[in-house]
Amino acid sequence: MANKNSFVLPLLILLLLQFYCAKSELQLNYYSESCPRAEEIVKEQVTKLYDKHYTTAISWMRNLFHDCIVKSCDASLLLDNANGIESEKNSDRSFAMRGFRYFDIIKEALENECPNTVSCADIVALTARDGVALLGGPKIEMKTGRKDSKVSYAAEVDTLIPNHNDSMATVLSRFHSVGLDTEATVALLGAHSVGRVHCVNIVHRLYPKVDPTLNPAHAEYLKHRCPPPGKEKKPVEYSRNDLTTPLVLDNMYYKNILDGKGLLIVDQELTTDPRTSPFVKKMAADNDYFHHQFARALRILSEINPLLGDQGEIRKDCRFVNTH
Ligand code: HEM
Ligand SMILES: *[C@@H]1O[C@H](CO)[C@@H](O)[C@H](O)[C@H]1NC(C)=O
């Protein structure tokens, strides 16, 4: 009898421990029991929004980057100014981010199906995954189970997200510090295969004289899009990143930067830094390889330092921490 007990008890503890651990790490289909249709609902909404406003598919990707690279994939990005919280959305690095209001629509659809169950941080991750697929990017297996932060890191956003003109050394050391290796960094910048850049982030490469790393014909095009500072007719002028396939997440980005058509200094630097340029050439030559690396990199990005188990909370409204 004593023998039998001394065997069963440790086994029980082991089983319980395994259960506990499994519940407090990210996993595929985390909501399979608590909200079986969660991922389907997100995909439905993302698809519906894409059909109405295709740019939403682009925003989800940038949102994931700006949420995860700042401390943790914890939806801290989505908090509004309220109750002593200063929103990350107002920081310099969040310039021209768009589509935040669409999170409200998705969260509402999920709250209707299963209240207080699906975190905003997981919505950030799943929408990015589905947005990538709609843009013709790779299919990505995205784990879930993130919790939402109760704080914002507005004061640190500008130091934690690289600037458009930072050196590649700065960019790489920042990305390496969160587990993104050089190949993953090169792949993630491929997100700039879609979307736009506003003239404020371009004009310093055109005036007073053209940056010699810019393709001269492309510089002429950009001068036409972006008049000298102070001479703009309207303040919202911008250029699309990729004039050939502007709505497709493909390796045209790498062909473009090899051709001197990168809009940001960081884009162009990928081709000149000896650590990154071999990967640029490989990605320019092989779209499947780019997609494979992009999927791997986005998964790493989406799993930076998540809040798990009873850390954080599941926000009722993605814009505000819960009040109870
Ligand atoms: C060194 C890293 C990066 C820097 C310095 C950077 C900087 C920028 C800047 C300055 C813009 C243009 C804003 C504007 O003028 O409208 C932009 C746009 C964008 N970025 Fe990045 N970015 C970086 C990495 C990433 C990553 C890793 C992703 C996603 C995986 C990403 C996704 C996007 C997207 C999708 C846009 C277009 C947004 C739109 O059209 O609404 N970026 N980025
Ligand atoms: C980078 O751009 C910012 C504006 O976004 C500017 O204030 C800063 O001086 C630039 N840095 C360098 C090294 O050119």
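**A walk from the ligand outwards**

Let's start at ligand 1, which is surrounded by 25 residues, the closest being Ala 96, Leu 188, Ala 191, Gly 195 and His 198. Keep in mind as you look around that this is a predicted model. Sorted by class, the shell around ligand 1 contains 15 nonpolar, seven polar and three charged residues.

Where do the residues of this shell come from? Three elements supply at least two residues each: α3 (55-68), α8 (182-189) and β1 (196-198). Of the elements, α3 gives the most, with five residues. The shell also draws on both domains, taking at least three residues from domain 1 (29-158) and at least three from domain 2 (168-301).

That brings us to the domains themselves. The protein chain is divided into domain 1, residues 29-158, and domain 2, residues 168-301. Their C-alpha centres lie 24 Å apart, and 15 residues of domain 1 are in contact with 16 residues of domain 2. On the side of domain 1 that touches domain 2, the elements giving two or more residues are α3 and α5 (120-134). Here α3 provides the largest share, five residues. By class, this side of domain 1 has 13 nonpolar and two polar residues, with no charged ones. So you meet α3 in two places: it gives five residues to the shell around ligand 1 and five to the side of domain 1 that touches domain 2.Now follow α8, another contributor to the shell around ligand 1, to its meeting with helix α13 (residues 287-302). The axes of α8 and α13 come within 8 Å and cross at roughly 100 degrees. An angle of 65 to 115 degrees counts as roughly perpendicular, and α8 and α13 are therefore roughly perpendicular to each other. From α8, the residues that take part are Glu 183, Ala 184, Ala 187 and Leu 188. They meet Phe 290, Gln 293, Phe 294, Arg 296, Ala 297, Ile 300 and Leu 301 of α13. In terms of class, this contact has eight nonpolar, one polar and two charged residues. Leu 188 may look familiar, as it is also one of the closest residues to ligand 1.

One last stop is a set of annotated positions. In an unreviewed UniProt entry, the annotation "binding site" covers Asp 67, Val 70, Asp 74, Ser 76 and Glu 88. These positions are spread over 22 residues of sequence, yet they cluster in space, with a largest C-alpha distance of 12.3 Å. To find Val 70, look in the loop between α3 and α4 (101-113).

Methods:
Residues are numbered from 1 along each chain as its sequence is written. Chains are lettered from A and ligands numbered from 1 in the order in which they are written. This is a predicted model: local features need pLDDT of at least 70, side-chain atom pairs count only at pLDDT 80 or more; totals for chains, interfaces and linings use all residues. A residue is near a molecule or strand if its C-beta atom, placed from the backbone, lies within 6 Å of it. Helices (H or I, at least four residues) and strands (E, at least two) are DSSP runs, numbered from the N terminus. Ala, Val, Leu, Ile, Met, Phe, Trp, Tyr, Cys and Pro count as nonpolar, Asp, Glu, Lys and Arg as charged, and the others, Gly among them, as polar. Domain bounds come from an automatic or database domain assignment. Axes are lines fitted to C-alpha atoms, for helices over the stretch in contact, and angles run from 0 to 180 degrees between N-to-C directions. Angles under 35 degrees count as roughly parallel, over 145 as roughly antiparallel, 65 to 115 as roughly perpendicular and the rest as oblique. Two residues are in contact if their C-beta atoms, placed from the backbone, lie within 7 Å. UniProt positions are given in the numbering used here, feature names are shortened, and annotations may be inferred rather than shown by experiment.
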